Each structure stands twice: as structure tokens, then as C-alpha cells.
Amino acid sequence: MVKKKLEKVISNAAQNFALEIVKAIKSATLQELIALQEGGKKAKPGRKPGRKPGRKPGPKPAAKKKVAAAPKKRVVKNYPKCAFPDCKKNRFPRGKGFCGEHWNMFKEGKIKDAKSYKK
């Protein structure tokens, strides 16, 4: 008996609930029904009005530019120069004081040795 009584109460409540839903749908506007069908999708929230916290009023600060690093200083090595007068070329390692060009001339006997030329 208790079960039947409980079933009747649930049945009546469900019927009343269904009638209330039908009334609500009949009285709703088309826009409300479309919004209900879409699931109430909201647009992505935009930025809140007002300025960002901690920012002072006024123009936006200029973008920070990356400061180019100073070019590395080139290490200048002073290689010994050719012993031949007015020659600015570096010495040839095996040239005994001469650049490559004057070393060949020395081998051919066209010029004196490097010690005879003073810088």
C-alpha cells in the first residue's frame, strides 16, 4: 500500500512538472528557445573595462627595444712584417724574415738576406 501511495505522489508530481514545462515553453519567445537550443553558448569573455591593475593612466609606455650588443672588439695580432724595405706583408713562416714573394726572390739570388735590411 505504501508503495502505491508513493507511486501516485511521484506520478502526480511528474505530471504537474510536465504541465509547468509546457506552459513555460508556450510563453517563451523564439529567441529564448533558440538560445536554449544552442546550450547557452557564451562568447569568449573580452577584456574588462578599465585599465590594467598597476598601470598608471596616460599613454601606453613605449615598447622596450632590444639594445644591440656592442660588437666584439677584434683582436689585432701584430705579426712580424717582411724585412724588405717598404713591404707591408706578413713574414712567411719559413721565409727567414721575408714574405712569400721576397722569399722566392731571395732563393733566386735577386736580393740579399733579411739581416742586411734594417727596419
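Reader: Is Glu101 buried, partly exposed or exposed?
Author: This is a predicted model, so every value here is computed from it. Glu101 has 44% relative accessibility. Buried means under 20% and exposed means over 50%. The value for Glu101 falls in between, so the residue counts as partly exposed.

Reader: Which side chain meets that of Glu101 in a salt bridge?
Author: The bridge runs from a nitrogen to an oxygen, at 2.8 Å. The cut-off is 4 Å, so this pair counts. The partner of Glu101 is Lys89.

Reader: How many residues apart are Lys89 and Glu101?
Author: The salt bridge joins Lys89 to Glu101. Lys89 sits in the loop between α2 (30–38) and α3 (100–108), while Glu101 sits in helix α3. The pair links distant parts of the chain, and the separation is twelve residues.

Reader: What is the relative accessibility of Lys89?
Author: Lys89 counts as partly exposed. That puts Lys89 neither under 20% nor over 50%. Its value is 42%.

Reader: How many salt bridges does the whole structure hold?
Author: One joins Lys89 and Glu101. Another joins Lys110 and Glu108, at 3.2 Å from N to O. A search of the whole structure gives a total of two.

Reader: Are Lys110 and Glu108 buried or exposed?
Author: Lys110 has 60% relative accessibility. Glu108 has 55%. The cut-off for exposed is over 50%, so both residues count as exposed.

Reader: What order do the elements of the protein chain follow?
Author: The protein chain has three helices and zero strands. Read from the N terminus on, the order is α-α-α.

Reader: How much of the protein chain counts as buried?
Author: The chain has 119 residues. It exposes about 12,200 Å², and carbon and sulfur atoms supply 60% of that area. The share of residues that count as buried is 10%.

Reader: Which residues make up the largest nonpolar core?
Author: Nonpolar side chains tend to be buried together in soluble globular proteins. Here the largest nonpolar core has nine residues in all. They are Cys82, Ala83, Cys87, Phe98, Cys99, Trp103, Ile111, Ala114 and Tyr117.

Reader: How far is the sulfur of Cys82 from the closest cysteine sulfur?
Author: Cys82 is buried, at 0% relative accessibility. The closest cysteine sulfur belongs to Cys99, which is also buried, at 2%. A disulfide needs sulfur atoms within 2.5 Å. The sulfurs of Cys82 and Cys99 are too far apart for a bond, at 3.8 Å.

Reader: How many disulfides does the whole structure hold?
Author: Cys99 is in no disulfide. Cys82 offers the nearest sulfur to Cys99, but the gap is too wide for a bond. The search of the whole structure finds zero.

Reader: Where is His102, and is it buried or exposed?
Author: His102 lies in helix α3. Leaving aside neighbours within four places in sequence, His102 is in contact with Cys82, Phe84, Cys87 and Ile111. Its relative accessibility is 8%, under the 20% cut-off, so this helix α3 residue is buried.

Reader: Which residues does Trp103 touch beyond four places in sequence?
Author: Trp103 belongs to the largest nonpolar core. Set aside residues up to four places away. Trp103 then touches Phe92, Arg94, Gly95, Lys96 and Phe98.

Reader: How far apart in space are Phe92 and Trp103, C-alpha to C-alpha?
Author: Phe92 is in the loop between α2 and α3 and is partly exposed, at 29%. Beyond four places in sequence, Phe92 contacts Phe98, Cys99, Gly100 and Trp103. Phe92 and Trp103 are eleven residues apart in sequence, and their C-alpha distance is 7.6 Å.

Reader: Which helix gives the most to the nonpolar patch?
Author: The patch on the surface holds Phe17, Ile21, Ile25, Leu33 and Leu36, with about 490 Å² of accessible area together. Phe17, in helix α1, is exposed at 56%. α1 (2–27) and α2 each supply at least two residues. The helix that gives the most, with three residues, is α1.

Methods:
Residues numbered from 1 in each chain as written. Predicted model: local features only at pLDDT ≥ 70, side-chain atom pairs only at ≥ 80, totals over all residues. Heavy atoms only, no water. Core = buried A, V, L, I, M, F, W, Y, C linked by side-chain atoms within 4.5 Å. Buried < 20%, exposed > 50% of the residue type's maximum accessible area, 1.4 Å probe, protein only. Contact = heavy atoms within 4.5 Å. Helix = DSSP H or I, 4+ residues; strand = E, 2+ residues; numbered from the N terminus. Areas by Shrake-Rupley, 256 points an atom, 1.4 Å probe, with all protein chains shown as cover. Patch = residues over 30% accessible without salt bridge, like charges linked within 9 Å, V, L, I, M, F, W, Y side chains within 5 Å.
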